[in-house]
Each structure stands twice: as structure tokens, then as C-alpha cells.
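Here are a few exercises to work through with the model open beside you. Try each one yourself before you read the solution.

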Amino acid sequence: MSAKDDRLLLLHCVALVVYRIRHLCRPLKDYSGEIVTARNTKASVTITSAALAALFDVPAVVILVAENKVAFFESVGDIAPQEAEFDAALSSAATGTVQLAEVYPESRVDFWPVATASGQRAVIGLAFDPDRRPDIPETLIDVISSILALALDRQQTS
């Protein structure tokens, strides 16, 4: 390869990185603006599930947990959580650990727990295609989880 080819390849790589960052920043910016206006926990769950579906381009569900039971959930995309998924979500909330779909054979959803300072619990679920699952979705999920936790705490105290 010539020096010119090297520069073109580098320019192409930079363009791909910029495109990917822009693709991720818009939904995060939209989410942070919308979650501030949420007037109650159900609105926060609805807004968060829509943001997750937009960020990852997969079906998403957010589940509020109270007294070790599903209190409310909202899903976006082609997903209607089944008993196995609710069991996995409740396990994630109870243990504070991620529950991957591969651990629960009947579940198609990976779950991440959300704990708030006030003790509220929620679970974020994403139904990744096993062949197209991102390597490290946790970074974005941690950001969304933190924002959701703040919103839930704010609503708890207002």
C-alpha cells in the first residue's frame, strides 16, 4: 500500500468512528432531555424503554420491581415478556447481577439491574439477536441505568 492509500484508509476509519459516535449521541441526548420531563415512574419507564430500543435497535423492556414482584413494565419492539423473562428479571433485581439470556434457556432477554439510592429497583432488558450481540453493551447500559436511577429517585422525593 502506498502512503496515499494509508491516508485514505485512516480517513475512512475516522469517518466510521465519527458516524458511530453521532449515531449514539443523538438517542442519548434525546433521552436525557425527555427523562427530565417525566412526571412519574411509569413515564420514566416508558421513555427509558424507547431510548434503549433506539440505541441498540433491538426490542427493549424496563421493569419496575417492588416487594420482589413485577410492579410495572413497558416494552418496545417485538417482545412480550414471558414467565421465564420475568423470573430472570426478578433474579437480576434480587441479586444485583446481570442475567444473560443464555443462562435462562426460555428467555430471549439479557437483564441488567438498576438500583436507586432510595431503594427502588428496576431492571433493563434487551433482546439481542445472539448472532449480532454487541461485545460490550454495558457501557451504554450503565449510562442509561444511572440516568433512570436518578429519575426514579427524583420522582420518589417529589
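**Exercise 1.** Which residues in α2 are buried?

*Solution.* Keep in mind that this is a predicted model. Start with the extent of the helix: α2 covers residues 41–56, 16 residues in total, and spans 22 Å from its first C-alpha to its last, close to the 22 Å expected at 1.5 Å a residue. Next, go through its residues with the cut-off for burial, under 20% relative accessible area. The list you should end up with is Ser44, Val45, Ile47, Thr48, Ser49, Ala51, Leu52, Ala53, Leu55 and Phe56. Finally, check both ends. At the start of α2, asparagine 40 brings a side-chain oxygen to within 3.1 Å of the backbone nitrogen of lysine 42. Aspartate 57 follows the helix, with a positive phi near 55 degrees.

**Exercise 2.** Lay out the elements of the chain, then work out the strand order of the sheet.

*Solution.* Begin with the count: the chain has four helices and four strands. Reading from the N terminus, they come as α-α-β-β-α-β-β-α. In the sheet, the strand order is β2-β1-β4-β3, the pairing is antiparallel and the sheet is open. At its edges sit β2 (69–76) and β3, each of which pairs on one side only. From one strand to the next, the twist averages 20 degrees.

Now take the pairs one at a time:

- β1 and β2 are antiparallel and share seven bridges; valine 61 has serine 75 in β2 as its bridge partner.
- β1 and β4 are antiparallel too, with six bridges; here leucine 64 is partnered by alanine 122 in β4.
- β3 and β4 are likewise joined by six bridges and run antiparallel; proline 113 faces valine 123, and valine 114 faces alanine 122.

Put two of those entries together and you'll see alanine 122 of β4 matched with leucine 64 and with valine 114.

Last, look at the hairpins. The one made by β1 and β2 has two residues between the strands, and glutamate 67 in the turn has a positive phi of about 55 degrees. The hairpin of β3 and β4 has five residues between its strands, and glycine 119 takes a positive phi near 95 degrees.

**Exercise 3.** Find out how well β1 and β4 are covered, and which helix lies across the sheet strands.

*Solution.* Take β1 (60–66): six of its seven residues are buried, so to speak "mostly covered". For β4, five of its six residues are buried, and this strand is mostly covered as well. Then look for the helix: α3 (residues 83–95) lies across β1, β2, β3 and β4, and runs at about 40 degrees to β3. For the chain as a whole, buried residues make up 40% of the 158 residues.

**Exercise 4.** Threonine 116 sits in a loop; is it buried or exposed, and what does its side chain do?

*Solution.* First place the residue: threonine 116 is in the loop between β3 (110–115) and β4 (121–126). Its relative accessibility is 10%. Because the cut-off for buried is under 20%, threonine 116 counts as buried. Next, follow the polar atoms of its side chain. One lies 2.8 Å from the backbone nitrogen of glutamine 120. The side chain of threonine 116 also makes a polar contact of 3.1 Å with the side chain of aspartate 153. To finish, list the residues that threonine 116 touches, leaving out those up to four places away in sequence: Ala149, Leu152 and Asp153.

**Exercise 5.** Locate the largest nonpolar core, and see which elements feed it.

*Solution.* The largest nonpolar core has 29 residues, and Tyr31, Leu52, Phe56, Ile124, Leu126, Ile144 and Leu148 have the most contacts inside it. Sort its members by element and you'll find at least two residues of this core from each of α1 (3–36), α2, β1, β3, β4 and α4 (138–157). Apart from it lies another core, of 12 residues, including Val65, Ile79, Val109 and Ala127.

Now zoom in on one residue of the largest core, phenylalanine 56. Not counting residues up to four places away in sequence, phenylalanine 56 touches Leu126, Phe128, Pro134, Pro137, Leu140 and Ile141. To close, step back to contacts across the chain: among those between residues at least 6 apart in sequence, 49% join residues at least 24 apart.

Methods
Residues numbered from 1 in each chain as written. Predicted model: local features only at pLDDT ≥ 70, side-chain atom pairs only at ≥ 80, totals over all residues. Heavy atoms only, no water. Buried < 20%, exposed > 50% of the residue type's maximum accessible area, 1.4 Å probe, protein only. Polar contact = N/O pair within 3.5 Å; in protein donor to acceptor, adjacent residues only side chain to side chain. Contact = heavy atoms within 4.5 Å. Pairing = 2+ DSSP bridges. Axes fitted to C-alpha atoms, helices over the stretch in contact; angles between N-to-C directions. Expected span 1.5 Å × (residues − 1). Core = buried A, V, L, I, M, F, W, Y, C linked by side-chain atoms within 4.5 Å.
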